[in-house]
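Me: I am new to this structure and would like a close look at one part of it. Please pick a strand, go through its residues and then show me what lies around it. Short sentences suit me best.

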Amino acid sequence: MDVIHTCIWVSDVDAAREFFLDGVGLEEHRSATLDGVENVWLGGEHGEIQLRHAPDHPDPTPDRSALDHVALSVDDVDAEVERIVDATGATVLDGPRTVDVANARIAFLEGIDGYVLELVEDLD
């Protein structure tokens with residue numbers, strides 16, 4: 001068994017695509033519209049984020065008590081924070097910092113629609 005994707009509602013699918021593709025650097029794997037709901041799957045090699053948008057669906061109001069963050073692996077967290085912030089205007093919430101117990105360097109960014117991304121650099 002493996003995790004395939006996490007699905008999030010977005011208020012503007014074009015802006016979310018731009019944020020995740022051009023800003024964050026994910027790749028679009030596929031897209032489809034089903035019953036008036038636009039779906040876009042973005043990701044890297046192992047997992048995906050599914051963006052969902054429907055004109056009559058309420059704008060998302062992410063609540064970190066329900067979905068805290070989506071974690072993405074990166075090679076250099078410091079460089080990626082700088083690049084993503086420059087490209088998207090995302091807000092740095094925490095870090096970059098080293099977490100010894102996880103043997104990782106991490107940072108948290110608030111991005112599109114208020115969703116939080118954790119960037120994780122494995123220090124192994």
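Reply:

**Strand S4 and its surroundings**

Start with Gln50. Neighbours within four places in sequence aside, Gln50 contacts His5, Thr6, Cys7, Ile8, Asn39, Val40 and Trp41. Keep in mind that this is a predicted model. Gln50 sits in strand S4. Is Gln50 buried or exposed? Its relative accessibility is 8%, so Gln50 counts as buried. The cut-off for that word is under 20%.

Strand S4 covers residues 48-53, and His53 belongs to it too. His53 has 18% relative accessibility, so it also falls in the buried class. What does His53 touch, once neighbours within four places in sequence are left aside? One stretch of the answer is Trp9, Val10, Ser11, Asp12 and Val13. The other is Gly36, Val37 and Glu38. With Ser11 there is a polar detail. A polar side-chain atom of His53 lies 3.4 Å from the backbone oxygen of Ser11.

Now go from Gln50 to His29. Along the chain, 21 residues separate the two; in space, their C-alpha atoms are 9.9 Å apart. His29 has its place in strand S2, residues 27-34. Its relative accessible area is 34%, so His29 is partly exposed. Which residues does His29 touch, not counting those up to four places away in sequence? They are Trp41, Gly43, Gly44 and Glu48. Two of these contacts can be followed atom by atom. The side chains of His29 and Glu48 are joined by a polar contact of 2.5 Å. The side chain of His29 also reaches the backbone oxygen of Gly44, at 3.4 Å.

Gly44 leads on to Leu21. The C-alpha atoms of Leu21 and Gly44 are 11 Å apart, with their positions 23 residues apart along the chain. Leu21 is part of helix H1. At 23% relative accessibility, Leu21 counts as partly exposed, because the buried class ends at 20%. Beyond its neighbours within four places in sequence, Leu21 contacts Leu26, Glu27, Glu28 and Leu42.

Helix H1 deserves a pause of its own. Its buried residues are Val13, Ala16, Arg17, Phe19, Phe20, Gly23 and Val24. Val13 has come up before, as a contact of His53. So has Asp12. At the start of H1, a side-chain oxygen of Asp12 comes to within 3.0 Å of the backbone nitrogen of Asp14. Just after H1, Gly25 takes a positive phi of about 105°.

Next comes helix H2. H2 has twelve residues, 77-88. How long should it be? At 1.5 Å a residue, the expected span is 16 Å; the end C-alpha atoms are 16 Å apart, so the two agree. Val77, Val81 and Ile84 are buried in H2. They cover an arc of only 75° around the axis, so they lie on the same side of the helix. An α-helix has 3.6 residues a turn, so residues three or four places apart point the same way. On the other side of H2, Glu82, Asp86 and Ala87 are exposed. What covers the buried residues? The cover includes helix H1 (13-24) and strands S6 (91-99), S7 (104-110) and S8 (116-122).

The two ends of H2 can be described as well. At its start, a side-chain oxygen of Asp76 reaches to within 3.2 Å of the backbone nitrogen of Asp78. Just after H2, Gly89 has a positive phi of about 80°.

Last, step back to the whole protein. There are two helices and eight strands. From the N terminus, the order is β-α-β-β-β-β-α-β-β-β. A compact globule of 124 residues would have a radius of gyration near 14 Å; the value here is 15 Å, which agrees. The C-alpha atoms fill a box of roughly 45 × 30 × 30 Å along the principal axes. Of the 124 residues, 35% count as buried, and Gln50 is one of the buried residues. Among contacts with a separation of 6 or more, 48% join residues 24 or more positions apart. The accessible surface comes to about 7300 Å², and carbon and sulfur atoms hold 47% of that.

Notes: Residues numbered from 1 in each chain as written. Predicted model: local features only at pLDDT ≥ 70, side-chain atom pairs only at ≥ 80, totals over all residues. Heavy atoms only, no water. Helix = DSSP H or I, 4+ residues; strand = E, 2+ residues; numbered from the N terminus. Expected span 1.5 Å × (residues − 1). Buried < 20%, exposed > 50% of the residue type's maximum accessible area, 1.4 Å probe, protein only. Arc of directions from axis to C-beta. Contact = heavy atoms within 4.5 Å. Polar contact = N/O pair within 3.5 Å; in protein donor to acceptor, adjacent residues only side chain to side chain. Rg over C-alpha atoms; globule rule 2.2 N^0.38 Å. Areas by Shrake-Rupley, 256 points an atom, 1.4 Å probe, with all protein chains shown as cover.
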